[in-house]
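Here are some exercises to work through with the structure open beside you. Try each task before reading its solution.

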Amino acid sequence: MSEQANPFESLQEQIDDASDYMDVGDDVLTRLKHPERVLETNLSVEMDDGSVEVFKAFRSEFNGDRGPYKGGIRYHPNVSRDEVKALSGWMVYKCAIVDIPYGGGKGGIIIDPDDYSEDELERITRSFAKELRPFIGVDKDIPAPDVNTGQREMNWIKDTYETLENTTEPGVITGKSPDSGGSAGRVEATGRSTMLTAREAFDYLGRDIEGASVAVQGYGNAGWIAAKLIHELGANIVSVSDSSGAIYKEGGFNPVDVKDHKNETGSVTGYPGAEDEFSNEDLLTLDVDLLVPAALENAIDGDLAEEVQADVVVEAANGPLTPEADDVLADSDTYVFPDILANAGGVTVSYFEWVQNRQRFAWTEQKVNEELERIITDAFDNLVETYEETGAPNMRTAAYVVAIERVVDAYEESGNWP
Ligand code: NAD
């Protein structure tokens with residue numbers, strides 16, 4: 001991955017690009033490019049051996065014009081203030097493009113969770129939840145899972161908040177396990193929106209997804225579910241990868257078998273059915289019909305983009321392409337369907353979870369999936385309509401035009417508070 005691209009600068013460039021295709025003043029634009037506030041905190045946590053370790057953590061609340069701040073919490077050694085700011089900004093525009101009533105936020109702890117025991121991770125998570133307590137709330141800021149966090153961490157955060165507030169408030173956080181107030185369909189939601197975006201994209205481009213060759217970079221929650229659901233549409237998942245490397249099979253993998261292998265061994269590499277193994281860069285430059293980056297940001301920079309041979313890219317990860325990569329791929333007529341639509345299923349079903357928590361009434365998985373499909377296909381239609389109307393150079397810029405217009409409308413309707 002490229003070391004140079006700063007994701008926060010990428011976000012700002014994406015907003016600037018979109019502003020060329022819409023009527024928005026510089027003052028409003030400046031507001032749209034910076035977070036409203038960022039919490040930076042140092043968590044002092046007791047380790048199993050009695051020593052105390054300090055972890056730096058952040059929560060960025062980027063924009064709340066359309067509703068409470070919403071966005072995940074990431075545990076990763078590369079978490080930084082700028083990464084969290086960028087991710088929180090992408091959440092604003094993601095919630096706006098699928099038209100759900102949220103602003104954007106994001107949090108993270110600089111940590112490699114593999115280095116800590118479950119008890120230590122629980123204490124670290126609860127310590128962060130204690131720091132977050134004044135900021136979060138069912139109508140204020142609602143965290144969710146992201147890289148290296150999941151139902152377990154969300155349940156701990158909910159419990160810490162509820163204990164400190166002496167209440168029951170499951171809607172303070174989403175992505176919980178079902179018994180703690182989680183929604184049916186939440187675990188699959190991100191990959192499902194990637195599949196729906198790929199399906200609509202192929203249909204829009206007049207291509208057949210059945211029989212299409214597909215490469216998926218990253219085999220975590222977003223990537224593996226996307227692979228499974230795209231495979232169910234009849235596509236061939238010819239290559240998948242994780243941080244250990246990529247595997248390849250010309251006739252396509254059964255994604256469930258590969259996932260079982262990863263669960264057993266910790267990696268997709270070494271899968272007995274693979275015909276070849278290579279690097280992640282090799283996967284990203286395969287000659288496939290569809291490429292799904294589903295790992296981390298900056299996977300494809302301008303140089304690597306010169307070598308990308310896929311016809312269509314659907315982004316499951318947040319920010320996997322740098323702005324330079326976008327320019328290169330637009331010039332080579334590669335269609336890139338952006339993260340803020342293609343992985344919006346996660347936040348959309350988080351929204352359903354929050355609605356269910358507030359109603360104290362659980363929906364069926366069928367209802368969740370139907371509502372998600374309606375929201376993603378409507379958003380896709382709005383996106384391509386704007387792409388055609390504005391003459392924007394790529395789908396990302398068109399997506400930001402749709403999203404920014406909605407945020408600006410909410411801001412201007414509310415007026416400015418001096
Ligand atoms: P995850 O931790 O479940 O999985 C990440 C995967 O990427 C793992 O398989 C890991 O091995 C792999 N990976 C890490 N570095 C890699 C590299 N250099 N090359 C190839 N693979 C690499 O995380 P996730 O939840 O699937 O998130 C992945 C991306 O999707 C992130 O950008 C995240 O922000 C985004 N996303 C996730 C959700 C969600 O609901 N989980 C929602 C929206 C967006």
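**Exercise 1. Find how S1 and strand S2 pair, then place them in their sheet.**

Solution. Start with the pair itself: in this predicted model, S1 runs antiparallel to strand S2 (residues 52-63), and 10 bridges link the two. For one point on the ladder, take Leu-39, whose bridge partner in S2 is Arg-59. Next, widen the view: the open sheet has 5 strands in the order S1-S2-S4-S3-S5, with mixed pairing. Its edges are strand S1 (37-46) and strand S5 (141-145), each of which pairs on one side only. Finally, check the twist: on average, neighbouring strands of this sheet are turned by 20 degrees against each other, direction ignored.

**Exercise 2. Trace the polar contacts of the ligand and say how much of the ligand is buried.**

Solution. Use a cut-off of 3.5 Å between N or O atoms. A polar side-chain atom of Gln-217 is 3.4 Å from a ligand nitrogen. Tyr-219 offers a polar backbone atom 3.1 Å from an oxygen atom of the ligand. With Asn-318, a polar side-chain atom lies 2.8 Å from a ligand oxygen. Now turn to area: the ligand taken alone exposes 820 Å², and the protein buries 84% of that.

**Exercise 3. Describe the shell around the ligand.**

Solution. Count first: 24 residues surround the ligand, the closest being Asp-146, Thr-190, Asn-221, Ala-222 and Asn-318. Sort them by class: 8 are nonpolar, 11 polar and 5 charged. Last, look at where they come from: domain 1 (34-172) and domain 2 (189-337) each supply at least three residues to the shell.

Notes. Residues numbered from 1 in each chain as written. Predicted model: local features only at pLDDT ≥ 70, side-chain atom pairs only at ≥ 80, totals over all residues. Heavy atoms only, no water. Near = heavy atom within 4 Å. Polar contact = N/O pair within 3.5 Å; in protein donor to acceptor, adjacent residues only side chain to side chain. Areas by Shrake-Rupley, 256 points an atom, 1.4 Å probe, with all protein chains shown as cover. Nonpolar A, V, L, I, M, F, W, Y, C, P; charged D, E, K, R; others polar. Domains from an automatic or database assignment. Pairing = 2+ DSSP bridges. Helix = DSSP H or I, 4+ residues; strand = E, 2+ residues; numbered from the N terminus. Axes fitted to C-alpha atoms, helices over the stretch in contact; angles between N-to-C directions.
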